[in-house]
Amino acid sequence: MGTVHARSLDPLPMNGPDFGSHDDADLVEVEPQKKQEILENKDVVVQRVHFEGLGRTKDDLIAHEIGQVFKAKNLIEVMRKSHEAREKLLRLGVFRNVEVLIDTCEGEDALPNGLDVTFEVTELRRLTGSYNTMVGNNEGSMVLGLKLPNLFGRAEKMTFQFSYGTKETSYGLSFFKPQVGNFERNFSVNLYKVTGQFPWSSLRETDRGVSAEINFPIWKTSHTLKWEGVWRELGCLARTASFAIREESGHTLKSSLSHTMVIDSRNTSILPKRGALLKINQELAGYTGGDVSFLKEDFELQLNKQLAWDSVLSTSLWGGMLVPIGDKPSSIADRFYLGGPTSVRGFSMYSIGPQSEGDYLGGEAYWAGGMHLYTPLPFRPGRGGFGDLFRTHFFLNAGNLCNLNYGEGPRAHLRRLAECIRWSYGAGIVLRLGNIARLELNYCIPMGVQSGDRICDGVQFGAGIRFL
Amino acid sequence: MAAPMELYCWKGDWGLPSVDPDCLTVLTYAKFSGAPLKVHKVTNPWRSPSGRLPALKTHDDGVLFQPSKIITHLRKQKYNADYDLSAKQGADTLAFISLLEEKLLPALIHSFWVEGKNYVEHTRRWYAESIPFPLNFFLPNQMHKRNLERLQLIRGDSWREEDEDTERQLYTDAQECMSLLSQRLAKHKFFFGDSPASLDAYVFSHLAPILSAKLPNNKLQQHLSSLPNLCQYCRAILTIYFAWEGDSGPRITPKPQSGETPDTEEEPHKRRNQVLSVLVGLLAMVGYAVLSGIVSIQRVGPDHALEQGIAMEDNEEEEE
Amino acid sequence: MSLVTDAFVSQIAAVEPWPENAALYQPLKSEQVLLSDNASCLAVQAFLKMCNLPVQVVCRANAEYMSPSGKVPFIHVGNQVISELGPIVQFVKAKGHSLSDGLDEVQRAEMKAYMELVNNMLLTAELYIQWCDEATLEEITQPRYSFPYSWPLNYFLVFQRKWEIKRKMKAIGWATKTLEQVFEDVDQCCQALSQRLGTQPYFFNKQPTELDALVFGHLFTILTTQLTNDELQEKVKNYSNLIAFCRRIEQHYFEDHDSSISSSTKLSKGPTLP
């Protein structure tokens with residue numbers, strides 16, 4: 001891939017070295033260059049598409065992905081469509097490598113303007129495994145992962161992950177099946193056990209669950225429908241946990257239906273330059289069984305606008321509400337939490353709102369908003385390379401988390417959400433980690449602090465996937 | 001009684017007739033009650049008819065392996081050390097045995113089998129040295145695991161609590177238990193007057209290992225030595241009833257009883273095991289040498305043409 | 001409780017008097033609680049009554065999981081949470097209330113020993129009967145233990161607990177016992193208690209101690225709980241002095257109070273004590 005970068009005209013390889021698939025495509029175009037003079041402006045017909053290296057992958061799956069190649073009318077189009085087909089094939093997660101060769105047809109029935117497109121593919125192995133060890137706060141664990149890609153030849157995938165720790169073991173087994181010819185429409189089933197320790201609430205939670213979900217796109221939106229059945233076991237993390245946490249201990253069974261809708265027009269998810277994101281999620285628990293009943297709604301909105309000198313103005317707004325159904329109060333495991341280095345900065349992790357003896361209990365309603373100005377590093381060191389992983393930002397965050405009394409009506413609710421607003425401002429450096437997470441080092445000044453909130457005045461460091 | 005019943009138990013050491021509290025209980029009880037037993041002191045639980053120690057091979061009831069069951073059996077055979085006790089003393093016996101089992105035993109298990117330093121430097125070493133060859137690699141570990149599990153199950157709450165807290169509580173309980181026993185014993189020779197009863201067998205067998213074992217970290221011993229009457233009590237029982245045991249002496253006569261079988265049967269096994277281990281070692285070495293050293297051997301060989309063929313054949317033979 | 005917490009508790013406790021809002025948490029009385037848990041809860045209630053310390057009984061379906069040791073009952077006093085009779089006795093003692101101060105050393109040793117006898121034999125027997133006897137497990141334990149949970153959690157939890165108890169029984173050598181042998185053990189234990197009690201009103205003569213509370217908790221629960229058969233009750237009923245003892249404590253400590261104590265309602269109605 002090293003040679004590719006030299007050829008690349010894009011000064012900012014935004015998708016990073018590990019997402020260089022489109023760079024690879026340049027290589028493909030090298031092959032037909034000799035014929036370019038002859039065929040460049042002529043109409044061509046793709047007569048045959050060959051596949052080399054196919055093993056257990058079924059033909060119908062492939063046929064759907066490359067169908068467009070036959071529709072190309074001239075060489076440029078053939079190249080573009082082949083390139084697209086290659087991207088599609090790679091996305092299936094079935095092949096390790098895909099190469100495209102375009103050549104003129106040979107043989108008896110060859111048309112003068114006929115082309116052969118050959119895909120040279122390398123399939124992934126039937127079983128791939130990974131093994132690693134992790135050491136974290138007083139705990140070591142060994143993680144064993146197994147992956148069976150392309151299980152039945154139609155891009156099905158089975159993954160298994162097992163983590164054996166000194167304190168906890170957890171596992172996850174998932175099966176994924178896309179619809180043939182429409183990768184975005186897929187179905188997956190998961191079986192898992194996870195244990196979480198939440199020191200801000202002195203709470204330990206063990207979840208064992210089954211979930212099934214369907215993803216499908218409608219127009220520009222993507223939707224997820226999900227059913228989840230979880231056996232949750234809550235317990236105190238320490239003997240000194242507050243009594244309010246103690247009262248939450250025990251087993252519950254949650255069975256919930258949820259729907260998520262996402263519209264994402266951003267160019268990248270971690271440090272976007274333009275575009276917007278809207279995510280709306282609703283969850284109804286208790287309707288399909290279990291002993292927890294609630295309706296939960298939350299949304300996330302983000303708008304990005306590119307300004308002069310490569311700087312970006314980003315605004316986001318989050319909000320959510322949990323309405324318990326029936327006379328049982330909501331469980332601590334379902335409520336919302338706010339605060340931390342990637343949400344309302346300047347406050348400690350999830351340390352805003354209702355608490356009891358220093359253990360945060362979460363709230364049934366929240367909102368949070370943020371405004372960021374991202375700029376390149378001052379004097380732009382490492383420009384065009386390593387330095388592009390970094391951004392400086394100036395931010396203003398605000399938010400509130402509280403419990404609502406559902407007898408009061410919406411006007412009172414709004415008033416409650418509008419009083420005692422926590423906010424903070426500051427500046428810092430953001431580091432993009434691949435395309436999944438980011439690290440932030442900020443200097444924050446928290447304002448509007450209420451009694452009971454835990455603040456992190458000054459320098460705050462944090463990592464997050466979701467950020468305000 | 002035609003032949004005496006046969007008792008299998010762990011061999012003794014540290015000046016005790018047996019290192020295991022359960023075995024010690026049975027042995028002591030047999031001494032107190034005068035039951036004639038043919039004692040097999042073994043170092044391999046697999047040689048016991050039940051696979052566990054202690055085990056009593058009886059004529060009519062098969063093999064018994066729990067101390068309480070063995071004692072009940074002996075009692076039924078008219079070897080009753082509690083014959084002279086009143087009903088209330090009988091009740092006290094039950095109560096104090098419960099006290100021992102609930103309060104002292106967990107700490108005893110902990111300090112011998114769970115506490116890291118003690119287990120590694122003392123208990124495991126002792127068992128690894130005593131148990132015959134191939135078993136000594138995994139039996140001590142297996143026993144360690146079983147004891148750890150037993151402790152967790154007895155205490156029940158450790159799965160939720162911090163280790164240190166439970167551990168401290170364990171020793172507090174045990175120390176309190178020893179203090180209570182000391183108070184109950186006061187100046188008496190035995191718990192119920194001048195002759196020993198089953199309670200004495202239990203108390204002695206739980207205290208004696210604490211007193212005699214040289215654990216590197218012996219909190220229980222420290223506390224026990226601050227209770228002179230209990231120490232004196234243990235020593236008295238040792239000298240009166242196990243006088244000619246000597247240090248790790250393999251002989252034991254529960255009553256002046258003829259058919260004594262010291263563990264002479266151990267000897268051939270030891271010899272055999274030594275021979276076996278040497279053989280296995282040799283075989284491994286030769287195998288390795290041949291597998292990796294074929295080429296060099298063959299180079300000295302006379303016929304170059306056959307070199308590869310022979311090498312392959314040799315190789316295959318070795319692998320078979 | 002650790003020594004550190006002990007020291008801490010005694011410091012705090014010595015300063016603070018017994019609060020009005022002290023609460024005792026236990027499983028749901030009528031739908032959920034099992035024989036052994038009920039015995040332990042009643043024992044603590046009886047102990048606190050003997051100490052004349054007011055406590056409000058709160059029934060919670062998740063009491064078992066709220067308890068720091070995983071066992072019921074537990075008391076919430078001030079900001080302290082203490083579970084099980086032994087630690088509660090220690091805690092109350094630190095507050096300056098004790099039932100066993102009048103005993104001499106030997107008596108105190110005996111009292112502790114008998115308390116362990118009850119824990120070692122009666123409690124274990126109760127656990128054995130409710131979890132290892134298939135008939136009782138199916139008819140009583142399973143529906144009651146899983147009462148707060150919906151399907152399929154009810155099966156998981158019962159199975160989990162049953163498994164745990166069976167392993168415990170194995171570890172202490174009870175797994176090979178038959179139900180008959182367990183009843184024999186109960187009988188032996190009752191006989192010992194009966195012998196120790198003799199004709200005295202309480203185990204150590206005129207004044208009740210924590211031993212009396214514990215014995216009362218277990219025997220009374222056994223006498224008033226309907227199981228699949230009466231065999232367990234019959235074992236206790238053979239000892240008239242133990243029955244008289246239970247009735248004495250019941251009348252003295254439970255009946256003259258109002259019905260806020262959940263067991264007293266059962267007692268006043270309960271003709272179960274013959």
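1. The stretch of chain C that calls for caution is residues 258–272, over which pLDDT stays under 50 and for which the model has 21 contacts beyond four places in sequence. This is a predicted model, and where pLDDT is low, the predicted coordinates should not be read in detail. Chain C averages a pLDDT of 84, with 88% of the residues scoring at least 70, and for the complex the predictor gives an ipTM of 0.83 and a pTM of 0.78.

2. The domain assignment divides chain C into domain 1, residues 3–94, and domain 2, residues 105–266, and the centres of these two domains, taken over C-alpha atoms, are separated by 18 Å. Between them, 21 residues of domain 1 of chain C are in contact with 24 residues of domain 2 of chain C. On the domain 1 side, α2 (35–50) and α4 (85–94) of chain C each supply at least two residues, and α2(C) gives the most, with 12 residues. By class, that side of domain 1 holds 13 nonpolar, 5 polar and 3 charged residues.

3. One position in chain C may be worth inspecting by eye, namely C:T209, which is placed in the loop between α8 and α9 (210–224) of chain C. Is C:T209 buried or exposed? C:T209 is buried, because 26 other C-beta atoms lie within 10 Å, against a cut-off of 20 or more for a buried residue. Leaving aside neighbours within four places in sequence, the contacts of C:T209 are with C:L99, C:S100, C:M111, C:F203 and C:F204. In addition, the C-alpha atoms of C:T209 and C:S98 are separated by 8.3 Å, although the two residues are 111 residues apart along the chain.

4. Turning to the interface of chain C with chain B, 27 residues of chain C are in contact with 28 residues of chain B. The side of chain C that touches chain B draws at least two residues from each of α5 (105–132), α7 (153–171) and α8 (179–197) of chain C, and α5(C) gives the most to it, with 12 residues. The same side of chain C has 11 nonpolar, 8 polar and 8 charged residues.

5. For the interface of chain A with chain C, 13 residues of chain A are in contact with 11 residues of chain C. The elements of chain A that give two or more residues to this side are β10 (221–236), α6 (243–248), β11 (250–264) and β12 (275–290). The residues of chain A on this side divide into 3 nonpolar, 6 polar and 4 charged.

6. Within chain A, the domain assignment gives domain 1 as residues 2–123 and domain 2 as residues 181–464, and 42 Å separate the centres of these two domains, taken over C-alpha atoms. UniProt lists residues 44–124 of chain A under "domain: POTRA". In the model, the end C-alpha atoms of residues 44–124 of chain A lie 33 Å apart, and the span is 31% helix and 35% strand.

7. The geometry of helix α5 (residues 75–91) of chain A can be checked directly: its 17 residues should span 24 Å at 1.5 Å a residue, and the end C-alpha atoms are 24 Å apart, so expectation and model agree. The buried residues of α5(A) are A:L75, A:V78, A:M79, A:K81, A:S82, A:A85, A:R86 and A:L89. After α5(A) comes A:G93, whose phi is positive, near 70°.

How values were computed. Residues are numbered from 1 along each chain as its sequence is written. Chains are lettered from A and ligands numbered from 1 in the order in which they are written. This is a predicted model: local features need pLDDT of at least 70, side-chain atom pairs count only at pLDDT 80 or more; totals for chains, interfaces and linings use all residues. Domain bounds come from an automatic or database domain assignment. Two residues are in contact if their C-beta atoms, placed from the backbone, lie within 7 Å. Helices (H or I, at least four residues) and strands (E, at least two) are DSSP runs, numbered from the N terminus. Ala, Val, Leu, Ile, Met, Phe, Trp, Tyr, Cys and Pro count as nonpolar, Asp, Glu, Lys and Arg as charged, and the others, Gly among them, as polar. pLDDT is the predictor's confidence in each residue, from 0 to 100. The expected span of a helix is 1.5 Å times one less than its number of residues. A residue is buried if 20 or more other C-beta atoms lie within 10 Å of its own, exposed if 12 or fewer, and partly exposed in between; C-beta atoms are placed from the backbone. UniProt positions are given in the numbering used here, feature names are shortened, and annotations may be inferred rather than shown by experiment.
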